[in-house]
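Here is a friendly walk through one protein, meant to be read with the viewer open. Have a look at the sequence and the fold, then follow along.

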Amino acid sequence: MPNRTWTTWTGAAAAIVLAVAPAADVAAAPQQEQNAAAVVTLRYDDSRAAGWEAAIAASVANWNASVSTVRLIEAAPGTAAEIQIVATTGWPQATLGPVRPGGRARVELGSQAVTDGHDKTRIAAHEIGHNLGLPDTKPGPCTQLMSGSSAGTSCRNAVPNATERARVAAFYAQGLARTPADGRLLVDAP
């Protein structure tokens with residue numbers, strides 16, 4: 001008789017474990033969806049930035065690889081974009097963010113900086129950094145993306161450093177731009 005009771009109890013325990021296991025998986029799914037939803041997606045339109053396509057693509061890839069709370073994607077033709085990227089003849093400039101979903105920011109990729117010897121990819125990454133909320137850190141070393149032109153024409157670094165990455169990640173933590181956009185236009189002339 002004791003064996004029969006043990007078998008019944010063991011079977012009941014297994015049934016309880018099996019009944020609980022799917023519920024745990026179901027409970028985990030909304031948490032995973034919530035974490036996935038915490039990434040802010042910002043669209044950019046570079047249709048008016050002829051000649052800068054490779055530099056923009058590399059800069060976007062650098063930012064996407066560096067910060068997990070915000071993702072930059074190219075807007076489909078004819079759709080709204082939070083970040084407007086245009087080519088100009090002057091000095092590079094950009095709106096200081098952080099831009100929020102549905103907001104508006106502008107990047108002007110000025111050819112004057114390229115004429116003076118500055119790297120296109122660094123320029124694009126730096127200006128997008130302004131849209132993501134980072135001000136200039138001039139003067140500064142080449143290791144600081146936001147040091148901009150003050151790092152000199154030999155500087156080719158187009159990747160944000162740990163401090164810059166952490167600041168942008170914090171701005172977009174928990175699925176939203178936590179800090180209101182500044183909105184100032186920053187001109188990156190030397």
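## Helix 2 meets helix 4

Let's begin with a pair of helices in this predicted model. Helix 2 and helix 4 are oblique to each other: their axes cross at roughly 55° and come within 8 Å, and an angle counts as oblique when it falls outside the roughly parallel, antiparallel and perpendicular ranges. The crossing of helix 2 past helix 4 is right-handed. This choice of descriptors is the usual one, since two packed helices are described by the angle between their axes and the distance between the axes.

Which residues make the contact between helix 2 and helix 4? On the helix 2 side they are A55, I56, A58, S59, V60 and W63, and they meet K120, T121, A124, A125, I128 and G129 of helix 4. By type, the residues of this contact divide into 8 nonpolar, 3 polar and 1 charged.

## The overall layout

Stepping back, the protein has 5 helices and 6 strands. Along the sequence they follow the pattern α-β-α-β-β-β-β-α-α-α-β. The protein has 190 residues, and 38% of them are buried.

How much of the contact network links residues far along the sequence, at 24 or more positions apart? Among contacts with a separation of 6 or more, such pairs account for 64%.

## The nonpolar core

In soluble globular proteins, nonpolar side chains tend to be buried together. Here the largest nonpolar core holds 33 residues, and the members that touch the most others are W63, L72, I85, L132 and Y172. Seven elements appear when we ask which ones give two or more residues to this core: strand 1 (40-48), helix 2 (53-66), strand 2 (70-74), strand 3 (83-88), strand 5 (105-110), helix 4 (120-131) and helix 5 (162-171).

L132 is a good residue to click on. Setting aside residues up to four places away in sequence, L132 touches L42, W63, V70, L72, P98, V168, F171 and Y172.

## L72 and its neighbour N64

L72 belongs to strand 2. Is L72 buried or exposed? Its relative accessible area is 5%, so L72 is buried, given that the cut-off for buried is under 20%. Beyond its neighbours within four places in sequence, L72 is in contact with L42, Y44, V60, W63, N64, I83, I128 and L132. The C-alpha atoms of L72 and R43 are separated by 5.8 Å, with their positions 29 residues apart along the chain.

One of those contacts of L72, N64, lies in helix 2. N64 has a relative accessible area of 16% and is therefore buried as well. Apart from neighbours within four places in sequence, N64 is in contact with V70, R71 and L72.

## Two more places to look: A87 and G78

A87 is a residue of strand 3. With a relative accessible area of 33%, A87 is partly exposed, because that value lies between the 20% and 50% limits. Leaving out neighbours within four places in sequence, the contacts of A87 are R48, A49, A50, W52 and L109. A87 and S47 are 40 residues apart along the chain, and their C-alpha atoms are separated by 9.5 Å.

S47 can also serve as a reference point for G78: these two are 31 residues apart along the chain, with 10.0 Å between their C-alpha atoms. Where does G78 sit? G78 is in the loop between strand 2 and strand 3. Its relative accessible area of 87% means that G78 is exposed.

## Two cis peptide bonds

Most residues other than glycine have a negative phi, and most peptide bonds are trans. Which kind of peptide bond joins G97 and P98, cis or trans? The bond is cis, with omega about 20°. P98 is placed in the loop between strand 4 (93-95) and strand 5, and P98 is also among the residues that L132 touches.

The peptide bond from K138 to P139 is cis too, with omega near -10°. P139 is found in the loop between helix 4 and helix 5.

Technical notes:
Residues numbered from 1 in each chain as written. Predicted model: local features only at pLDDT ≥ 70, side-chain atom pairs only at ≥ 80, totals over all residues. Heavy atoms only, no water. Core = buried A, V, L, I, M, F, W, Y, C linked by side-chain atoms within 4.5 Å. Buried < 20%, exposed > 50% of the residue type's maximum accessible area, 1.4 Å probe, protein only. Helix = DSSP H or I, 4+ residues; strand = E, 2+ residues; numbered from the N terminus. Contact = heavy atoms within 4.5 Å. Axes fitted to C-alpha atoms, helices over the stretch in contact; angles between N-to-C directions. Parallel < 35°, antiparallel > 145°, perpendicular 65-115°, else oblique. Left-handed = near helix turned anticlockwise from the far one by under 90°. Nonpolar A, V, L, I, M, F, W, Y, C, P; charged D, E, K, R; others polar.
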